[in-house]
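Biologist: I have a model open on my screen and would like to learn how to read its packing. Could we go through it together?

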Amino acid sequence: MEFVGKKYKMTSSENFDEFMKTIGVGLITRKAANAVTPTVELRKDGDEYNLVTSSTFKTTEMKFKPGEEFEEDRADGAKVKSVCTFEGNTLKQVQKAPDGLEVTYVREFGPEEMKAVMTAKDVTCTRVYKVQ
């Protein structure tokens, strides 16, 4: 996993506002989230991973062990449950909200970039990050 410890800075984002609307993020939070270019770093400590997303707006950490369900505070404050799994250089996350909404995040890590595809209902958002 040569991508662990690398920092990826967002360079493009497609359909993010529509995605946030679909998962129930409010207008003010959406405006702030759309105005920043976050950096993502995947860290490993023993058998636990920590996905850190940082920006001038907010920093979030998602600590997980592959295949184990965990509680997560989404960046907008919603409490959800997630399970993360690795398939090669791809980190797949399935997130379930208390209202039953299921969101899928597929983060594909490459040597020079990371591509994140997020899907909720019939809305898909794609964000591309380059190695810093």
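Modeller: Gladly, and keep in mind that this is a predicted model. Let's begin with the surroundings of one residue, Phe 86.

Biologist: Which residues is Phe 86 in contact with, leaving aside its neighbours within four places in sequence?

Modeller: The partners of Phe 86 are Met 1, Phe 3, Leu 42, Tyr 49, Phe 64, Pro 66 and Leu 91.

Biologist: How do I read a nonpolar core, and which residues have the most contacts inside the largest one?

Modeller: The idea is to look for buried nonpolar residues joined through their side chains. Here the largest such core has 17 residues, and those with the most contacts inside it are Leu 42, Phe 64, Phe 86, Phe 109, Met 114 and Tyr 129. At least two residues each come from β1, β2 (39-45), β3 (48-54), β4 (59-64), β6 and β9 (113-120). There is also a second, separate core of 15 residues, with Phe 19, Leu 101, Val 103 and Ala 120 among them.

Biologist: What about the aromatic rings: how many pairs are there?

Modeller: The count is 9 aromatic pairs. Take Phe 3 and Phe 86: their ring centres are 6.5 Å apart and their planes stand at 35 degrees, so this pair is tilted. The two rings come from distant parts of the chain, as Phe 3 is in the segment before β1 (7-14) and Phe 86 is in strand β6 (residues 79-87), 83 residues apart. Phe 3 and Phe 86 are both buried.

Biologist: And what sort of pair do Phe 19 and Tyr 105 form?

Modeller: That one is edge-to-face, at 6.2 Å centre to centre with 80 degrees between the planes. Again distant parts of the chain are linked: Phe 19 belongs to helix α1 (residues 16-22) and Tyr 105 to strand β8 (residues 102-109), 86 residues apart. Both Phe 19 and Tyr 105 are buried.

Biologist: Which residues do ring pairs link into a cluster?

Modeller: The cluster consists of Phe 3, Tyr 8, Tyr 49, Phe 64, Phe 70, Phe 86 and Phe 109. A ring can also have a charge over its face: Arg 127 lies over Phe 16, 3.6 Å from the ring centre.

Biologist: Let me try another arginine. Is Arg 30 buried or exposed?

Modeller: The test is relative accessibility, where buried means under 20%. Arg 30 has 10%, so Arg 30 counts as buried. Arg 30 is placed in helix α2 (residues 27-34). Not counting residues up to four places away in sequence, Arg 30 touches Asp 17, Met 20, Lys 21 and Val 25.

Definitions and conventions. Residues are numbered from 1 along each chain as its sequence is written. This is a predicted model: local features need pLDDT of at least 70, side-chain atom pairs count only at pLDDT 80 or more; totals for chains, interfaces and linings use all residues. Side-chain values use heavy atoms; hydrogens and water are left out. Rings of Phe, Tyr and Trp (its six-membered ring) pair if their centres lie within 6.5 Å; planes under 30 degrees apart count as stacked, over 60 as edge-to-face and the rest as tilted. Helices (H or I, at least four residues) and strands (E, at least two) are DSSP runs, numbered from the N terminus. Buried means under 20% relative accessible area, exposed over 50%, partly exposed in between (1.4 Å probe, protein chains only). A charge sits over a ring if NZ of Lys or CZ of Arg is within 6 Å of the ring centre and within 35 degrees of the ring normal. A nonpolar core is a set of buried Ala, Val, Leu, Ile, Met, Phe, Trp, Tyr and Cys residues joined through side-chain atoms within 4.5 Å. Contact means heavy atoms within 4.5 Å.
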